[in-house]
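The following account is meant for a reader who meets this structure for the first time. Please keep the sequence and the model in view while reading.

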Amino acid sequence: DDPELKKKKLNAELANGRLAMMAIIGMFFQDGLTGKFIFRPRTGRINWRLLHSLDLDRVIREGDVDTIQAHMDNITFARFSREDLEVTSDDCIVKVVQLSQLCMEFLNSMCASSQHLLQGLAERVRVQAAQLKAADAGRRR
């Protein structure tokens, strides 16, 4: 119950709270600057050889999200056209759909985790703001 140690810990918590507040404000500011989400143009072609070499069963079995992330750009930003249907097999098209499903599942999980983290940070900011207000009130007495 050393008052100096208590003050040092409170100051550290307040600094962490301020950092969290700045991070949250930065995220809100970025959303305000960019407005709504804008889809990027599709450029390039799908790398069918890369997709053909992908072992989706292994990826699923091992929960290999690094491989999913490595393949996201290949399908996310590529132009897909009738020409692609003519140069690849039905099995590759099925693989693209399955890979897309895994990508969406992974992204959905990341969004949920981010929201949970943001809610936790917002609560920490609220608690630390209340502590700061109480500390300021105590100093004024």
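The paragraphs below move from one helix to the core, then to a buried lysine, the salt bridges and some single residues. The model is a predicted one, and the values given here are computed from it.

A convenient starting point is helix α4, which comprises residues 65-76. How far apart should its ends lie, given twelve residues at 1.5 Å a residue? The expected span is 16 Å, and the end C-alpha atoms are indeed 16 Å apart, so expectation and model agree. Several residues of α4 are buried, namely Thr67, Ile68, His71, Met72, Asn74 and Ile75. These buried residues pack against three other helices: α2 (48-53), α3 (56-62) and α6.

From α4 the reader may turn to the largest nonpolar core, which has 16 residues. Within this core, the members that touch the most other members are Trp48, Leu51, Leu54, Ile68, Leu99 and Cys103. Which elements give two or more residues to the core? They are α2, α3, α4 and α6. Helix α6 gives the most, with six residues. Cys103 shows how one core member meets α4: when neighbours within four places in sequence are left aside, Cys103 is in contact with Ile68, Met72 and Ile75, and these three residues are among the buried residues of α4.

A charged residue deserves separate attention. Lys95 is located in helix α6. This lysine is buried and yet has no salt bridge. The nearest side chain of opposite charge belongs to Asp55, at a distance of 6.9 Å; because a salt bridge requires the nitrogen and the carboxyl oxygen to be within 4 Å, this pair does not count as one. What, then, does the side chain of Lys95 reach at 3.2 Å? It reaches the backbone oxygen of Leu51. A polar atom of the Lys95 side chain also lies 2.6 Å from the backbone oxygen of Leu54. The contacts of Lys95, apart from neighbours within four places in sequence, are Leu51, His52, Leu54 and Leu56. Leu51 and Leu54 thus appear both beside this lysine and among the core residues that touch the most other members.

Salt bridges are found elsewhere in the model, and their count comes to five. One of them joins Glu83 and Arg45, whose closest N and O atoms are 3.9 Å apart. This pair links distant parts of the chain, since Glu83 belongs to helix α5 and Arg45 to the loop between α1 (3-34) and α2, 38 residues apart. Glu83 counts as partly exposed because its relative accessibility is 49%, and Arg45 likewise counts as partly exposed, at 35%. Asp84 also forms a salt bridge with Arg45, with an N to O distance of 3.1 Å. Here too, distant parts of the chain are linked: Asp84 is in helix α5, and 39 residues separate it from Arg45. Is Asp84 buried or exposed? With a relative accessible area of 2%, Asp84 is buried.

Another salt bridge has both partners in helix α6. The side chains of Glu123 and Arg126 meet there at 2.5 Å, N to O. Because the two residues are three places apart in the helix, about one helical turn separates them. Glu123 counts as partly exposed, at 39% relative accessibility. Where salt bridges share partners, they join Arg45, Glu83 and Asp84 into one network.

Some single residues complete the tour. Thr88 lies in the loop between α5 (82-87) and α6 (90-140). Its relative accessibility is 14%, and therefore Thr88 counts as buried. Leaving out residues up to four places away in sequence, Thr88 touches Trp48 and Ile93; Trp48 has already been named among the core residues that touch the most other members.

Asp91, in helix α6, counts as exposed because its relative accessibility is 64%. Asp91 and His52 are 39 residues apart in sequence, while their C-alpha atoms are 9.0 Å apart in space. Leu107 is also found in helix α6, and at 42% relative accessibility it counts as partly exposed. Between the C-alpha atoms of Leu107 and Gln69 the separation is 9.7 Å, although the two residues are 38 residues apart along the chain.

Technical notes:
Residues are numbered from 1 along each chain as its sequence is written. This is a predicted model: local features need pLDDT of at least 70, side-chain atom pairs count only at pLDDT 80 or more; totals for chains, interfaces and linings use all residues. Side-chain values use heavy atoms; hydrogens and water are left out. Helices (H or I, at least four residues) and strands (E, at least two) are DSSP runs, numbered from the N terminus. Buried means under 20% relative accessible area, exposed over 50%, partly exposed in between (1.4 Å probe, protein chains only). Contact means heavy atoms within 4.5 Å. The expected span of a helix is 1.5 Å times one less than its number of residues. A nonpolar core is a set of buried Ala, Val, Leu, Ile, Met, Phe, Trp, Tyr and Cys residues joined through side-chain atoms within 4.5 Å. Lys and Arg count as positive and Asp and Glu as negative; His and the chain ends are not counted. A polar contact is a pair of N or O atoms within 3.5 Å; within protein, one must be able to donate a hydrogen and the other to accept it, and residues adjacent in sequence count only if both atoms are side-chain atoms.
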